[in-house]
Amino acid sequence: MPFASGVFFEWWLTAWMRSSSMIRLHGLAVSSTWISRPSLNPWWMTRPEVLPDTIAASSNRTNPGRNHSTPGRPQRFQEMHYKFSMAMEELALEILQLLEETLGVTSGDFTRHWERLKRTLVRFNWYPPCEEPGLVLGAGSHTDPDIITILLQDEVGGLQILKDSKWIACKPLHGSFVVNVGDFFQVLSNDFLPSLQHRAVLNKEKARLSVVTFVLPKVDATIEPSSDLVDEDHPAAFRRLMFEEIINAAKEMKFKGKEVLSLFRV
Ligand SMILES: O=C(O)CCC(=O)C(=O)O
Ligand SMILES: [Fe+2]
C-alpha cells in the first residue's frame, strides 16, 4: 500500500523536511512517526529524559492524541498511516502466535505483553540520495529494543544485517516484509531468538523509503525468559527486568546494539 504512494511520500516528506529542522536517525534519514494507541503513553513521552534526540524530535510532531491534527500532514496520509498501523497490529499478533507454536511456548508468554498492552509505532524513513554513500549511513548499526519490528522497504534496498561479522544486504523482495527480532524478545525467548544487528546504507542516485513498524510493550512491562524455554540445559540467561531498563540502557549506549543485553545476563 505505501509504495503505491511512493511519489506522494517523497513529495510530502521532502516538503516537511524543508519546512522543519532535519531529523536524523544516527545518520541521514527523515522520519515520520505514528503511534497506534495514543491513549497509551509511548515510552518516549513518559520518559523524555531517555529519548534519543531524533525520536524526541519526531514525538514533538506526533503528540499522542493529536495524531489526526498534526499540522502539515495531509488528511489522506494520516488515514493511511492509521489504517496501516492497525493492519500491522493484526499481523504482529499472528507472527507472535506462530512463533509461540514453533517454539512450543504454551504459556502464552510471547503474546501476553502484546495482547494486554499492544502498541505499535509506525515510522516512515526517507533516505535522500547521497553522493558519497560510503561516507555516511542512513541508519547506524543498532538493534531494535522492541519485541519485533516489521519492516517494508521499497525496491531501492539498503537494509543490511550483521552475520558472522559481515554486513549482508537484505535485498528487497517485492510484496514481502522483513521481521526483525528485538532485544526485548531475545530476553523473552531466553536467547533462542537473538535480536538482529542491522543498519541502512544510502544510495548514490535514488532516494529510499522504508516503513518500519515497531511492536512494543508498555514501558513498565516486566519480563523474564519464558518458563517454556528454561530447563536444565537452558537455564535462564537473563534476570527479570522492565522494558524501560532495556530502553534506558540502549539510550546510554546510543542505540549501538547487542551489548545492551549483556547488562542483564545472569
Ligand atoms: O530503513 C531501514 O531499512 C532500517 C531502519 C531501521 O532499522 C529502524 O528504523 O530502526
Ligand atoms: Fe532498526
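Analyst: A polar contact is a pair of N or O atoms within 3.5 Å; within protein, one must be able to donate a hydrogen and the other to accept it, and residues adjacent in sequence count only if both atoms are side-chain atoms. Heads up, this is a predicted model: local features need pLDDT of at least 70, side-chain atom pairs count only at pLDDT 80 or more, and totals for chains, interfaces and linings use all residues. Residues are numbered from 1 along each chain as written, chains are lettered from A and ligands numbered from 1 in written order, and side-chain values use heavy atoms, without hydrogens or water.

User: Which residues are the protein donors of the iron ion (ligand 2)?

Analyst: Donors here are N, O and S atoms within 2.8 Å of the metal (3.2 Å for Na, K and Ca). Along the chain they follow the spacing H-x1-D-x53-H. Sitting 2.1 to 2.2 Å from the iron ion (ligand 2), they are H142 (NE2), D144 (OD) and H198 (NE2).

User: How many residues apart in sequence are the parts that D144 and H198 tie together?

Analyst: D144 lies in the loop between β3 (137-142) and β4 (148-153). H198 belongs to strand β8 (residues 198-201) (strands are DSSP runs of E, at least two residues, numbered from the N terminus). So the pair joins parts whose separation in sequence is 54 residues.

User: How far is R208 from an oxygen atom of ligand 1?

Analyst: Two iron donors come up around ligand 1 too: polar side-chain atoms of D144 and H198 lie 3.3 Å and 3.0 Å from an oxygen atom of it. For R208, an N or O atom in the side chain is at 2.7 Å.

User: Which element gives the most to the shell around ligand 1?

Analyst: Three elements each give two or more residues: β2 (119-127), β8 and β9 (208-216). With four residues, the top contributor is β9.
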